[in-house]
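Ready for a little practice in reading strand pairing and side-chain packing? Have a look at the chain below, then work through the exercises.

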Amino acid sequence: MRGPIEDEQARRRSARPLLTVNGRRLALPPEGGTIGRSRDCDIVLDDVAVSRRHAEIRASADGWMVADLDSTNGLMVNGRGVRDVQVLQPGDRIELGSTAIVFEIG
């Protein structure tokens, strides 16, 4: 029999992170992924102020989180600079370079 903890873990595994970029909704893989200018990233941004591998969004025990991958210009969540890792909530605004991204769960 499954309990509340197992139900929550299953819900997190089935939820996919969605990013709204310039009016387009883009889905990351279920486990999350990378954002940057490189074609190797899961979400590729055409913004010269964004590093090749700028940030990563991943599931954690606390929910979804974003991490700066030692980018040149850093990243912000809801107008506050992120130096390391930040837990995300649906509706959070992530800024990389001059690109704004809205984080959602689908």
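Here are three exercises on this predicted model, each with a worked solution.

**Exercise 1.** Work out the order of the strands in the open five-stranded sheet, and find which strands stand at its edges.

*Solution.* Start with strand E5 (residues 55-60), which pairs with strand E3 (residues 32-36) in the antiparallel sense over four bridges. Within this pairing, Gly33 has Ile57 as its bridge partner. Next, turn to strand E6 (residues 63-68): six bridges join E6 to E5, and the two run antiparallel. Here Ala55 is matched with Asp68. E5 and E6 form a hairpin, with two residues between them. Now go back to E3, which is joined to E4 by two bridges and runs parallel to E4; Gly36 stands opposite Val44 in E4. Put together, the order is E4-E3-E5-E6-E9, with mixed pairing. Strands E4 (43-44) and E9 (85-87) stand at the edges: each has a single partner strand, so one side of each lacks a neighbour in the sheet.

**Exercise 2.** Find which elements give two or more residues to the largest nonpolar core.

*Solution.* First take the core itself, which has 20 residues. Those with the most contacts inside it include Leu19, Ile35, Ile57 and Ile94. Then assign by element: strands E1 (17-21), E5, E6, E7 (75-77), E10 (93-96) and E11 (99-105) each give two or more residues.

**Exercise 3.** Which residues does Ile94 touch, leaving out those up to four places away in sequence?

*Solution.* Apply the contact cut-off, heavy atoms within 4.5 Å. Ile94 then touches Ile57, Leu75, Met76, Val77, Leu88, Thr99, Ala100, Ile101 and Phe103.

Notes:
Residues are numbered from 1 along each chain as its sequence is written. This is a predicted model: local features need pLDDT of at least 70, side-chain atom pairs count only at pLDDT 80 or more; totals for chains, interfaces and linings use all residues. Side-chain values use heavy atoms; hydrogens and water are left out. Two strands pair if DSSP finds at least two bridges between them. A nonpolar core is a set of buried Ala, Val, Leu, Ile, Met, Phe, Trp, Tyr and Cys residues joined through side-chain atoms within 4.5 Å. Buried means under 20% relative accessible area, exposed over 50%, partly exposed in between (1.4 Å probe, protein chains only).
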